[in-house]
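Got your viewer open? Let's take a short walk through this one, picking a few things to select along the way.

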Amino acid sequence: MDPGSAAATPLSALGTAAGVGFPALEAARARTAAACDAARSALAGVPRDRDVAVVLLGSWGRGELTSGSDDDVLVVTTGARRPGLRPAVSELLPAFGGASGAQGTFDDVVTVEELATIGLEEDSNRVLTRRMLVLLESAPLLGAEVHREV
């Protein structure tokens with residue numbers, strides 16, 4: 001589901017049932033939908049490998065984009081890391097004007113195998129953060145079918 005779709009959402013159903021509105025969240029959903037549309041337009045024509053998804057995380061993934069949100073994005077592949085994987089992270093730059101966190105967690109390629117490596121030395125804080133965000137707060141910008149598989 002697109003993080004800002006205008007169809008009836010659980011949020012609007014909750015508001016209706018409770019007799020209250022959530023104008024700030026509804027505005028954030030609309031802002032996220034517009035930003036996703038703009039990002040997709042900016043990436044039109046950028047090649048994408050069949051096993052790759054461009055995944056938005058955090059406030060983008062929740063559909064709660066604000067003017068202070070970071071542009072947290074990963075290129076996720078169900079295949080292996082390889083030279084020439086598309087889109088390259090550098091090809092995403094036209095779609096995003098903001099910065100992602102300075103910790104190196106985002107603006108990178110990650111494989112499903114890396115996300116599924118639980119425990120021991122390879123399961124670093126960065127991998128755990130990526131895994132949890134992909135599972136709990138992510139939405140596909142490109143490659144929805146790959147995102148579902150992940």
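Select strand β1 to begin: are V52, V54 and L56 on one side, and A53, V55 and L57 on the other, buried or exposed? Every one of those residues is buried, which leaves both faces of β1 covered. With six of its six residues buried, β1 is largely enclosed by the rest of the structure. If the two-sided pattern looks neat, here is the background: in a regular strand the side chains alternate between the two faces of the sheet. Keep in mind as you go that you are looking at a predicted model.

Now show the strands that pair with β1. Strand β2 (residues 73-77) runs antiparallel to β1, and the two share five bridges. Click V55 and you'll find L74 of β2 opposite. Next, add β4, which also pairs with β1 in the antiparallel sense, over four bridges. Here, look for L57: its bridge partner in β4 is S138.

Next stop, helix α2, residues 23-42. Its 20 residues reach 28 Å from the first C-alpha to the last, close to the 28 Å expected at 1.5 Å a residue. Color A28, R29, T32, A33, A35, C36 and A39: these are the buried residues of α2. What covers them includes α1 (10-18), β1 (52-57), α3 (59-62) and β4 (138-142).

Stay on α2 and select R40 and D37. Their side chains meet in a salt bridge, 3.7 Å from N to O. Both residues sit in α2, three residues apart, about one turn of the helix. That spacing suits a pair, because an α-helix has 3.6 residues a turn, so residues three or four places apart point the same way. R40 counts as partly exposed at 26% relative accessibility, and so does D37 at 44%.

For a longer reach along the chain, pick R48 and E145. They form a salt bridge whose closest N and O atoms are 3.0 Å apart. R48 is in the loop between α2 and β1, while E145 is in helix α6 (residues 144-149), 97 residues away.

Last, select R62 and E137, whose side chains meet in a salt bridge at 2.9 Å, N to O. R62 lies in helix α3 and E137 in the loop between α5 (125-136) and β4, so this pair ties together parts 75 residues apart in sequence. Which residues join them in a network of salt bridges? Add R29 and E64, and you have the linked set of R29, R62, E64 and E137. Want to keep hunting? The structure holds 11 salt bridges.

Note on methods
Residues numbered from 1 in each chain as written. Predicted model: local features only at pLDDT ≥ 70, side-chain atom pairs only at ≥ 80, totals over all residues. Heavy atoms only, no water. Expected span 1.5 Å × (residues − 1). Buried < 20%, exposed > 50% of the residue type's maximum accessible area, 1.4 Å probe, protein only. Contact = heavy atoms within 4.5 Å. Pairing = 2+ DSSP bridges. Salt bridge = Lys/Arg side-chain N within 4 Å of Asp/Glu carboxyl O.
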